[in-house]
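Before you read the points below, please open the structure beside the sequence and keep both in view. The notes begin with one small turn and work outwards from there.

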Amino acid sequence: INGLLATIGASLIMPALVWLFFPIHMNAAALAPLLATGPLIALITRRDPLLIARKATTGTPGTPINRRVILQRAVIFSFGGLLLSFIDGLPVYQAALDAARAGRKLFDFSAPAPRVTGFPAPDALPEVTDVADFYVMRKFPTVVPPAPPDWKLTIDGLVDQPLALSFEQVQAFPRADVYLTRECVSNPVAGSLISTALMSGARLTDVLKGAGVQANVIQLVFYGRDGYSESVPLADALDRGLLVYAMNGLFLPDAHGSPLKVEVPGLYGFKNMKWLTRIEAVSTPYKSVWTQEGWTETAIYKTTSRVDAIAPAANGAVLSGSAFAGTRGISKVEVQINGGAWQTATLNTPPLSAQTWVQWRLDTPLRGTLSVTVRAVDGTGAPQIETPQKQFPDGASGLHTLKANI
């Protein structure tokens with residue numbers, strides 16, 4: 001019984017830890033060595049000197065090794081399996097490191113100056129995110145194949161004239177430089193999966209004119225080189241869609257979808273396809289992997305706000321953060337300190353664009369232990385949802401509170 005339990009335990013303990021702490025690496029290739037740990041221990045124990053000696057003196061194997069030795073070997077072989085799994089996953093890790101390298105320069109870029117005196121507030125996050133710090137989210141834990149030298153963007157489906165555009169042909173369209181904030185639908189309240197950058201590329205409506213989208217088309221389906229596909233309503237794509245090839249003046253690094261990705265402001269990040277290779281015009285609803293699993297189909301950003309910093313000042317403290325509501329914009333941010341009355345914060349407006357977050361700050365004479373809660377109102381006058389909700393199925397909601405002792 002002890003040997004059987006050790007075999008099962010050794011086979012499952014490390015996969016369980018990987019699943020708990022590194023769920024993105026839960027794939028068969030990486031876990032196979034871990035699952036083999038138990039049988040390896042069973043093989044070793046059958047050849048254990050203690051077992052052989054016991055059988056020679058008594059004629060029966062009895063209990064070949066004690067629990068301490070079983071535990072030692074479970075640990076040794078489990079971590080050995082983990083090492084094999086890590087080695088097996090090295091191509092994925094190396095590809096991720098390579099993909100994070102900054103791309104070639106398209107044009108010189110510097111973040112714009114604040115529009116309101118007092119910004120940026122002390123310890124506040126930057127209004128424009130460096131490309132190296134822009135959040136990265138992967139759909140599949142596998143290496144994305146490199147773009148072939150003859151890469152082309154295919155546009156087909158219900159169009160009058162299918163197109164196959166080279167990267168140079170995409171660049172030949174008039175370039176639009178648009179500040180965009182993108183947030184992942186998996187972002188918790190006040191999480192880090194949200195960033196802002198100057199996105200440069202061709203407007204989707206300009207590119208599609210040459211294809212001639214037919215009247216019965218309701219959606220565009222985007223296909224990526226990583227094997228993922230996603231759809232957006234045609235109206236949203238034509239109104240705001242951008243075929244992006246640069247961020248903050250740098251050509252896209254691999255991690256952000258080189259050579260081309262699509263951005264549709266107003267929709268959560270999973271609707272914005274990286275490593276774009278094909279656009280298909282369709283007349284029937286298309287459901288991606290995530291929508292089939294119950295995630296939102298509309299994917300419209302919820303209004304969110306967060307407290308980024310509570311910094312000491314000469315006459316008290318400076319509170320600061322950001323608020324975001326997609327293309328609806330932000331009209332007001334209110335702050336509550338230690339459960340007191342809600343106070344209106346100062347906004348760094350006008351915002352970078354109609355689809356970016358807005359920085360806020362509030363000066364207070366209070367010091368000591370501060371508990372700061374924030375809420376926002378979007379550009380339509382609708383208040384932020386205060387009821388807490390997890391990310392599934394259509395994004396997190398609830399108010400953020402930050403505490404500090406200054």
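1. Start at the hairpin that β7 and β8 form, where two residues lie between the strands and N248, in the turn, has a positive phi of about 50°. Please keep in mind that this is a predicted model, and that the angle is therefore a computed value for a prediction. The two strands of the hairpin, β7 and β8 (residues 250-251), run antiparallel and are joined by two bridges, with M247 standing opposite L250 of β8.

2. β7 has further partners, and they are worth tracing one at a time. With β4 (residues 194-203) it pairs in the antiparallel sense over five bridges, and here V244 of β7 has G201 opposite. With β9 (residues 261-263) the strand β7 is joined by three bridges, again running antiparallel, and the bridge partner of V244 in β9 is K261. V244 therefore has a named partner in β4 and another in β9, if pairing is taken to need at least two bridges between strands.

3. How many of the six residues of β7 are buried? The strand, which covers residues 242-247, is mostly covered, and six of its six residues are buried. One residue of this stretch, L243, can be followed through its contacts: leaving aside neighbours within four places in sequence, L243 touches L153, S200, G201, A202, L204, V207, L260, K261, V262, L276 and I279.

4. L243 also belongs to the largest nonpolar core, which has 41 residues, and it is listed with I155, L220, F222, L276 and I279 as the members that touch the most others. Apart from this core lies another, of 19 residues, which includes V307, L319, V333 and L370.

5. Turning to the sheets, one open sheet has five strands in the order β2-β1-β10-β5-β6, and its pairing is mixed. The strands β2 (163-166) and β6 (229-233) stand at the edges, and because each has a single partner strand, one side of each is left without a neighbour in the sheet. Neighbouring strands of this sheet are turned by 20° against each other on average, with direction ignored. Within the sheet, β1 (residues 152-157) and β10 (residues 276-282) run parallel and are joined by four bridges, and G157 has A281 of β10 as its bridge partner.

6. A second open sheet to examine has four strands in the order β11-β12-β16-β15, and its pairing is antiparallel. Its edge strands are β11 (304-313) and β15 (346-347), each of which pairs on one side only. Nine bridges join β11 to β12 (residues 316-324) in an antiparallel arrangement, and P312 stands opposite A317 of β12.

7. Please look also at the empty space inside the model. Four cavities of 30 Å³ or more are counted, and the largest has a volume of about 90 Å³. This largest cavity is lined by 15 residues, of which E183, N187, T304, A396 and S397 are the closest to its centre.

8. Finally, some totals place these details in the whole chain. The protein has nine helices and 18 strands, and 46% of its 406 residues count as buried. Among the contacts with a separation of 6 or more, 72% come from residues 24 or more positions apart.

How values were computed
Residues numbered from 1 in each chain as written. Predicted model: local features only at pLDDT ≥ 70, side-chain atom pairs only at ≥ 80, totals over all residues. Heavy atoms only, no water. Axes fitted to C-alpha atoms, helices over the stretch in contact; angles between N-to-C directions. Core = buried A, V, L, I, M, F, W, Y, C linked by side-chain atoms within 4.5 Å. Buried < 20%, exposed > 50% of the residue type's maximum accessible area, 1.4 Å probe, protein only. Contact = heavy atoms within 4.5 Å. 1 Å grid on protein atoms, 1.4 Å probe; cavity = no way out; pocket = protein on both sides within 12 Å on 5 of 7 lines; lining within 4 Å. Points joined across faces, edges and corners; volume = space filled by probe spheres on them.
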